[in-house]
Amino acid sequence: MPLKQIHLQPLWTFLPSFLFKSQHKSIHSPTKSTNGGSILLLLQSHQMRPTLTLLPLLLCCIFLLRTIKLVTKLSTSPHQTHYSKNFSISFNNGCNLFQGKWLLEEPSSRPLYTEQSCPYLTRQVTCRKNGRPDSVYQKWRWKPYGCNLPRFDALMLLHSLRNKRLMFVGDSIQRTQWESMVCLLQSAVPDKKKKLVYRDPPRKVFLAKDYNASIEFYWAPFIVESNSDHATKHRVQKRMVRLDSISKHSRQWEGVDVLVFESYVWWMYAPLINATIGSQEMKEYDVPTAYRIALKTWTDWIESTLDPQTQKAFFMTLSPTHLWSWEWGGGRTENCHNESYPIKGPFWGAGSSLEIMGAVKDAVHRIKRINVTILNITQLSEFRKDGHTSVFTERRGKLLTGEQRAEPIVYADCIHWCLPGVPDTWNEILYAYLIYQKFRILTDS
């Protein structure tokens, strides 16, 4: 935003005129005053003259110095607000942010932050710090075909979130998106004005105190209730989902201004999942059927609880995995390990369920009372086989050992993402919807 000219009116025009008048009049002694008193008054008058004469000049200098300092600070601030009118027009005329390509540019504007600049990153995602030798994966920029994503403006988003709560709800993929958003925003908040709070195991809260704003994460891997609802002490193999129960979670979501939901990976452990409905005994459901029932429970809560005038809701589509390199032309027994560049051309991995994608679309389209926006990040993320944490991460709270790293077929994590990385783009898209969305179709395919 260009700096406007500041027209300064001379300070002395505001000062009392008597300060500029010469003190030529002699001071006469009072009628009954002694000679000593008259001399003292005369001396005091001569001492005051230079002080009164220099006062306007002194005040003027102070005023000019402070003005110069302010102008310099504004012109060099890295956190000026940037609003793109061109993007606003393109976006609200229907530019699809989810169809495009990844570009590698020099000089690169990426990454948007570094592992060193953001103290809120967990070891699970700090791939470079954990030993990853390459950094190109941090430098790719997503370019929609019909427009350019706007520059992420931390101050503008913080202003829009003043006195509000933004909450990410889901599993560890969603927690990574929360970490990304915190890193994108935190540099615009002075150190003494921000705080990370662990309220209880399911929640993490970043506070921007000057804005009375919070960026929150809430652990709910199935959205509905399950036996895996503790953020750190949860069952991985023997999963059981209560398909029609959501109140334990939803009471934590009530009153939140912006809700961003995600749920996929935890459903896909096996083709069948143990689940209950009401007082019925637990039985096995095929995953797509159970997923649709759970989404029905979620949409019922959305319809009955959210206020369309004050609250917004988003649903992130599935985050893809890259477990088998033969899918993109690699070795038959390899995975995402040692991948440094995105996939070129059309690609859809076997781990991304079109049936689940369809279930999300159907569920959101049934909601009538409030607009829920689908953020379809799946296809753009499908290309990024290079963005996963691979062996440069931790398992059960400990970094992988050298021996474990030497066995990427066994230990490489091709589900979670490095930061900085792909989830930053998800948040750039979320930012675009929060700041620029006005009158457009709310679901893009």
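# Close-up views of a predicted model

**View 1. Strand β6 is a mostly covered strand.** Let us begin inside this predicted model, at strand β6, which spans residues 213-219 and is mostly covered, with seven of its seven residues buried. Ala 213, Ile 215, Phe 217 and Trp 219 point one way from β6. Ser 214, Glu 216 and Tyr 218 point the other way, and these residues are buried too. Try following the side chains along the strand to see the two groups.

**View 2. Strand β6 has partners in β3 and β5.** Strands of a sheet pair through backbone hydrogen bonds, either parallel or antiparallel. With β3, strand β6 pairs in the parallel sense, over six bridges. Look for Met 167, whose bridge partner in β6 is Glu 216. With β5, strand β6 pairs in the antiparallel sense, again over six bridges. Here Ala 208 stands opposite Ala 213 of β6. The hairpin of β5 and β6 has four residues between the strands, and Asn 212 takes a positive phi near 50° there.

**View 3. Seven strands line up in an open sheet.** Now step back to find β6 among its neighbours: the order of the strands is β4-β5-β6-β3-β9-β12-β13, and the pairing is mixed. Which strands stand at the edges? They are β4 (194-200) and β13 (372-375); each has a single partner strand, so one side of each is left without a neighbour in the sheet. From one strand to the next, the twist averages 20°. At the β4 edge, β4 pairs with strand β5 (residues 203-208) in the antiparallel sense over five bridges. One position to look for is Lys 194, which stands opposite Ala 208 in β5. Helix α11 (residues 422-436) packs on this sheet and touches β3 (165-170), β9 (258-261), β12 (312-316) and β13. The direction of α11 makes about 150° with that of β12.

**View 4. Helix α4 crosses helix α11.** Helix α4 covers residues 172-186, and its axis comes within 9 Å of the axis of α11, with a crossing of roughly 70°. How are α4 and α11 placed relative to each other, roughly parallel or roughly perpendicular? They are roughly perpendicular, because an angle of 65 to 115 degrees counts as such. The crossing of these two helices is right-handed. From α4, the residues that meet α11 are Ile 173, Thr 176, Gln 177, Ser 180, Met 181 and Leu 184. From α11, their counterparts are Pro 423, Asp 424, Trp 426, Asn 427 and Leu 430. Sorted by class, the residues of this contact between α4 and α11 are six nonpolar, four polar and one charged.

**View 5. Helix α2 also meets helix α11.** The axes of helix α2 (residues 85-92) and α11 come within 11 Å and cross at roughly 90°. That makes α2 roughly perpendicular to α11. On the α2 side, the contact is made by Phe 87, Ser 88, Phe 91 and Asn 92. On the α11 side, look for Ala 432, Tyr 433 and Tyr 436. The contact of α2 with α11 has five nonpolar and two polar residues, and no charged ones.

**View 6. Four strands form another open sheet.** The order in this sheet is β7-β8-β10-β11, with mixed pairing. The edge strands are β7 (225-226) and β11 (283-286); each has a single partner strand, so one side of each is left without a neighbour in the sheet. Strands β7 and β8 (residues 240-242) run antiparallel and are joined by two bridges. In β8, Arg 242 is the bridge partner of Glu 225. Helix α6 (residues 287-305) lies across β10 (272-276) and β11, and runs at about 95° to β11.

**View 7. Glu 394 meets residues from elsewhere in the chain.** You will find Glu 394 in strand β15 (residues 394-395). Is Glu 394 buried or partly exposed? At 24% relative accessibility, Glu 394 counts as partly exposed, because buried would mean under 20%. Glu 394 and Gln 124 are 270 residues apart along the chain, yet their C-alpha atoms are separated by 5.3 Å. Leaving aside residues up to four places away in sequence, Glu 394 touches Arg 123, Gln 124, Leu 399 and Leu 400.

**View 8. The whole protein puts the close-ups in context.** The protein has 11 helices and 17 strands. Of its 445 residues, 49% count as buried. Among contacts in the protein with a separation of 6 or more, 76% come from residues 24 or more positions apart.

Conventions:
Residues are numbered from 1 along each chain as its sequence is written. This is a predicted model: local features need pLDDT of at least 70, side-chain atom pairs count only at pLDDT 80 or more; totals for chains, interfaces and linings use all residues. Side-chain values use heavy atoms; hydrogens and water are left out. Two strands pair if DSSP finds at least two bridges between them. Axes are lines fitted to C-alpha atoms, for helices over the stretch in contact, and angles run from 0 to 180 degrees between N-to-C directions. Contact means heavy atoms within 4.5 Å. Angles under 35 degrees count as roughly parallel, over 145 as roughly antiparallel, 65 to 115 as roughly perpendicular and the rest as oblique. A crossing is left-handed if the near helix is turned anticlockwise from the far one by less than a right angle, and right-handed if clockwise. Ala, Val, Leu, Ile, Met, Phe, Trp, Tyr, Cys and Pro count as nonpolar, Asp, Glu, Lys and Arg as charged, and the others, Gly among them, as polar. Buried means under 20% relative accessible area, exposed over 50%, partly exposed in between (1.4 Å probe, protein chains only).
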